[in-house]
Amino acid sequence: MLTADPRPPFRPAPLEEFGLGPLWAALDRWEHDSRPLDRVLEEVRRTQGPLPGRGTSAHPALLAWTAEALERYAAARTAEQDAARAHGLPLTAPVRLGWTVRTRRMPALDARGAGQYEHTVWGRQYASADGSVRDLWLPSLGSAKPDRAAAEKAAIAHVVLNGMPTRRRRRDALPPDTATEPARLPDRVRVFDFGCADGSVTPLLDWGPEETREKFAAHAAPAFHAVATGSGTRPGPSCVECKAISRCDALRRTPGLWGGSPTVPARSRRSVSAWDLRLHSECPAQYHLVRRLHLDGLVPENDGARRGRVVDAWLNNRHATRPVRGCRDLAATATAELPVGHGLDAPLTQAAVRMLEEHRSLCPLNGLTPDEQVRVQPQVTAYVPELDVVVLAVPDLIYTHRGRWIWRETKTAASALWEGRSLLRSYPQLALGVLLLAAGALGADRQVSHVEFELLREGRGESHLERIDPGRAAIVAEAREVIAGLVQPLLDDTEYKPRTGRHCHGCQARRWCKPGSAYAADHPAGAGRRLGTGEADPADARGPARA
C-alpha cells in the first residue's frame, strides 16, 4: 500500500511490455467468454492494435508467439482433462476471479508494523463443479520448469487451498476488514507448470489439505516471516519498480553518467545494461522480445557460448573460495573439476581446460593478502535521475588491492583481438565499468582504481590482460561517447523493428520474426555466429544482464 510522493504520472508504453499479457487476454476470451478457439486464434493473428482486454498494441512477433502458445496451452489442457476423465477424476473449469487469502484487520498494528495480511497467486485457475479439486497452471516462457522451490510451492498451494475468488480492487483501495472464509476446502490441490515454447507440462504438486498445511508451516511461513521482517536494502533490477526510490540512500545517484537526453514524450522508468545495449545495437526487435519480454525459442547456444559459460562457472567457484587463494597456487585444472553436467564434447572440454590454465598466471587474486576484499559477480547499480534510468552491471570480479578498487572482466575467444577497434567499442561493458568507476558508483576514488580486461584463448601465451584507467579524461570521454551512442537509440525506440544479420541464427525470438526467419533461410549454415569468426564469444549469450 506504499505510494510515491509525489505520485509519478501514468506513462503508457508504446508497445506491450508484459510478454504473457496478450496470451492471458486470449485465454480469457476462450475460457471465460466462451469464444471458439479458432475464432480467438484468428483474432490474435489478424489484430493490428491491442487485443481485447489489453490497452497497448503488441509487437508482431509477440502476437505470433501468442498464437502458438495459445494453441499449445489449449492442447495441453485438453489432454490433461482427458487423462483426468480416464482416471475417474472430476473435471475442472476455469475460475475467473483470483484466489485470495486475507486475515481479519486488527485494531492495532503487530510487531512487524502490519494490521492485515493477504496472500495471492497468479496463474490460470480451475476448480471442479463440486469444489473437491482445484488446479493452478503456471506459465514458463520456455520449457516447463521441472520443479520449483519448496517455499514457493507451499505458498502457492496454501492460496489454492484456502483462497476465495476476489474481485480486483481499485488502486489504493483498502481491503475489507473481514477475513476470507471459504465455504469448503478442496480435497485435492494440484499445480502444473506449462512451457509456452514447446507445450511441455510438469505436475509440480498434488496435495491434500493436511499435506498443504504441513508444507506451508515448514517452508513458506519462514520465508514469509523473513520477507515481512526484513529491513535491508539491495539495489538492483527491482529499483525499476520501486516506489521509494526518491528517498533511498542505498542507490547511488550518477547524474550525467553519459550525458544523454530525456525521451520525448517521457517514458516510465527503465533499466539498461551493457547486454541490453549490445542486443539493441544488433537488432531492436531482439532486444524487445528477448530482453524485455523474455521470449525463449529454445535455440541451442553456440559452442563458444557454452564453452565460455563453463569457464565462467569454474572461475566463479574458484574465486569465491575462502580464504582467498590465487589460481596460480592451485594444481593444474583437470577435466573432472569442470562443473557437473557441463555438456561439452571432448574438443570443447579440452579447450576450456587450456583456457583455465591460461588464466592461472593472469588471476587477479594471485598474491592478494587476506585483508583485501573480493566480490564475485556483484550487482552494481546506479541511477541516472535526469533520465529516470537504472543502470545495471555485473562485473565478473571486483576486488581491492592496496586501497584501490579493481573491476575485472573476463571473456573467452577463439581469435585474437581486432586491433582496428578500441576495447571500449568492442566491449561496451568495459566502457560502462569506466563510467561507473569514474562516477564513484563503488565509492572508490577513480584516480586509484581501474578496469581490467582478461581475454582467454586456448594457445599457450595467447591470452591477454589489458588495463583501462578511468582517471584519464580521454578514456572517460571515449566511454561516454560509446555508451551514449548505444543508450540514446534504445531509450528513444518506440517500434523495435527487426534488423537482420548473422545474429538472427542464434536469436531466441527468430521463429516468430518474419524478417529474421527469412534471413536465416536465405543465409544458411555458416552465416551465423560461431567460433572462428574473429569475434570474441560472450559467455553470457543467453544469461542475465552482465556488465
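# A guided tour from ring to strand

This predicted model holds eight aromatic pairs, counting rings whose centres lie within 6.5 Å.

**Stop 1: a stacked pair.** Select Trp-24 and Trp-122. Their ring centres are 4.4 Å apart and their planes meet at 10°, so the pair is stacked; planes under 30 degrees apart earn that word. Now colour by sequence position. Trp-24 belongs to helix α1, residues 21-31. Trp-122 is in the loop between β3 (118-120) and β4 (124-128). The pair therefore ties together parts that lie 98 residues apart in sequence.

Switch on the surface. Is Trp-24 buried or exposed? Trp-24 is buried, with a relative accessible area of 13%. Trp-122 has 42% relative accessibility and counts as partly exposed.

**Stop 2: charges over rings.** Keep Trp-24 in view and add Arg-124. The charged end of Arg-124 sits over the ring of Trp-24, 4.9 Å from the ring centre. Next, select Arg-77 and Tyr-126. Arg-77 lies over the face of Tyr-126, at 3.7 Å from the centre of that ring.

**Stop 3: two helices.** Go back to α1 and show helix α3, residues 60-86. A packed pair of helices is described by the angle between the axes and the distance between them. Here the axes of α1 and α3 come within 9 Å and cross at roughly 45°. That angle makes α1 oblique to α3. The crossing is right-handed.

Which residues make the contact? From α1, select Pro-22, Leu-23, Ala-26, Leu-27, Trp-30 and Glu-31. From α3, select Leu-62, Trp-65, Thr-66, Ala-69, Leu-70, Tyr-73 and Ala-74.

**Stop 4: an aromatic cluster.** Stay on Tyr-73, one of the α3 contact residues. Add Trp-137, Phe-192 and Phe-194. Together with Tyr-73, these residues form one aromatic cluster.

**Stop 5: a buried strand residue.** Jump to Val-451, in strand β16 (residues 450-456). Val-451 is buried, with a relative accessible area of 0%. Under 20% is the cut-off for that word.

What is in contact with Val-451, leaving aside its neighbours within four places in sequence? Select Trp-407, Leu-430, Gly-433, Val-434 and Leu-437. Then add Glu-466, Arg-467, Ile-468 and Pro-470.

Finish on Ile-468. It is 17 residues from Val-451 along the chain, and the C-alpha atoms of the two are separated by 5.0 Å.

Notes:
Residues are numbered from 1 along each chain as its sequence is written. This is a predicted model: local features need pLDDT of at least 70, side-chain atom pairs count only at pLDDT 80 or more; totals for chains, interfaces and linings use all residues. Side-chain values use heavy atoms; hydrogens and water are left out. Rings of Phe, Tyr and Trp (its six-membered ring) pair if their centres lie within 6.5 Å; planes under 30 degrees apart count as stacked, over 60 as edge-to-face and the rest as tilted. Helices (H or I, at least four residues) and strands (E, at least two) are DSSP runs, numbered from the N terminus. Buried means under 20% relative accessible area, exposed over 50%, partly exposed in between (1.4 Å probe, protein chains only). A charge sits over a ring if NZ of Lys or CZ of Arg is within 6 Å of the ring centre and within 35 degrees of the ring normal. Contact means heavy atoms within 4.5 Å. Axes are lines fitted to C-alpha atoms, for helices over the stretch in contact, and angles run from 0 to 180 degrees between N-to-C directions. Angles under 35 degrees count as roughly parallel, over 145 as roughly antiparallel, 65 to 115 as roughly perpendicular and the rest as oblique. A crossing is left-handed if the near helix is turned anticlockwise from the far one by less than a right angle, and right-handed if clockwise.
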